[in-house]
Amino acid sequence: MLIEGYKTYGDVWKLGGHDLAVETDRLPTSGPLTPALLRTSSACIGLIRWDAGQWRLRPLAVQTKVKTKIVQVHGGAWALGPTDPKVVQAETKSGDPLAVLCERAGRLLRK
């Protein structure tokens, strides 16, 4: 569900005069979605469910402002590879992992 026009108060968002609990504890620690991004977001796509007498939202993607630029961040972004420039540079220095594994397997098979 797409949600816009809400006010964030920590783990609770106000939407149309109603409270919506946000499941920040279920965010993957290795993913790009963080509680800080959720607090500054302006739009969110997530799963809504009724649990223990209240609506709960599990965020999948958010639109937020970083510095002066509006960006979209989603939970699957980590699958596209690292986004940190330092990590990308370190990966290019180490080479292609598949090529390294093939080369090492070839050495083991030749022995």
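Is Trp13 buried or exposed? Trp13 is buried, with a relative accessible area of 1%. Keep in mind that this is a predicted model.

## Trp13 and its ring partner

Let's stay with Trp13 for a bit. Tyr6 and Trp13 make an aromatic pair, and the pair is stacked. Their ring centres sit 4.2 Å from each other, with 0 degrees between the planes. Why does that earn the word "stacked"? Because planes under 30 degrees apart count that way. Tyr6 is buried as well, at 8% relative accessible area.

What else does Trp13 touch, once you leave aside its neighbours within four places in sequence? The list is Tyr6, Lys7, Thr8, His18, Asp19, Leu20, Val22, Leu38, Ser41, Cys44 and Leu57.

## The other aromatic pair

The structure has two aromatic pairs. Besides Tyr6 and Trp13, there is a pair made by Trp50 and Trp55. Here the planes are at 70 degrees and the centres are 5.1 Å apart, so this pair is edge-to-face. The setting is open to view: Trp50 counts as exposed at 52% relative accessibility, and Trp55 is partly exposed at 44%.

## Inside: the nonpolar core

Now for the inside of the model. The largest nonpolar core has 13 residues. Trp13 turns up again here, because it is among those with the most contacts inside the core, together with Leu38, Cys44, Leu57 and Val62. Strand β4 (18-22), helix α1 (35-39) and strand β6 each supply at least two residues of this core.

Val62 also appears on the contact list of Val73. Not counting residues up to four places away in sequence, Val73 touches Pro32, Leu33, Leu37, Ala61 and Val62. You can find Val73 in strand β7 (residues 69-74), where it counts as buried at 14% relative accessibility. How far apart are the C-alpha atoms of Val73 and Tyr6? They are separated by 18 Å, and the two residues are 67 residues apart along the chain.

## Outside: a nonpolar patch and an open helix

Nonpolar residues show up on the surface too. Leu2, Ile45, Leu47 and Leu60 form a nonpolar patch there, with about 370 Å² of accessible area together. One of these, Leu60, is in strand β6 (residues 54-66) and is partly exposed, with a relative accessible area of 39%.

Then look at helix α2 (residues 85-94). How many of its ten residues are buried? The number is zero, so the helix lies largely in the open. Right after α2 comes Gly95, whose phi is positive, near 95 degrees.

## Salt bridges around Glu23

Side chains of opposite charge can pair when their charged atoms come close. How many salt bridges does the structure hold? There are seven.

Glu23 takes part in a bridge with Arg49, where the closest N and O atoms are 2.5 Å apart. This pair links distant parts of the chain: Glu23 is in the loop between β4 and α1, while Arg49 is in strand β5 (residues 41-51), 26 residues apart. The two partners are covered to unlike extents, since Glu23 is buried at 1% relative accessible area and Arg49 counts as partly exposed at 31%.

Glu23 also forms a salt bridge with Arg56, and there the closest N and O atoms are 3.2 Å apart. Again the pair links distant parts of the chain, with Arg56 in strand β6 and Glu23 in the loop between β4 and α1, 33 residues apart. In this pair, Arg56 and Glu23 are both buried. Which residues belong to the network of salt bridges? They are Glu23, Arg26, Arg49, Asp51, Arg56 and Arg58.

## A salt bridge within a helix

For a salt bridge inside one helix, go to α3 (residues 97-110), which holds both Arg107 and Glu103. These two form a salt bridge with their closest N and O atoms 2.4 Å apart. They are four residues apart, about one turn of the helix. An α-helix has 3.6 residues a turn, so residues three or four places apart point the same way. Arg107 is partly exposed, with a relative accessible area of 48%, and Glu103 is partly exposed at 35%.

Key:
Residues are numbered from 1 along each chain as its sequence is written. This is a predicted model: local features need pLDDT of at least 70, side-chain atom pairs count only at pLDDT 80 or more; totals for chains, interfaces and linings use all residues. Side-chain values use heavy atoms; hydrogens and water are left out. Rings of Phe, Tyr and Trp (its six-membered ring) pair if their centres lie within 6.5 Å; planes under 30 degrees apart count as stacked, over 60 as edge-to-face and the rest as tilted. Buried means under 20% relative accessible area, exposed over 50%, partly exposed in between (1.4 Å probe, protein chains only). Patches are made of residues with over 30% relative accessible area and no salt bridge: like charges are joined within 9 Å, nonpolar side chains (Val, Leu, Ile, Met, Phe, Trp, Tyr) within 5 Å. Accessible areas come from the Shrake-Rupley method with a 1.4 Å probe; for residues, only the protein chains shown count as cover. A salt bridge is a side-chain nitrogen of Lys or Arg within 4 Å of a carboxyl oxygen of Asp or Glu. A nonpolar core is a set of buried Ala, Val, Leu, Ile, Met, Phe, Trp, Tyr and Cys residues joined through side-chain atoms within 4.5 Å. Contact means heavy atoms within 4.5 Å.
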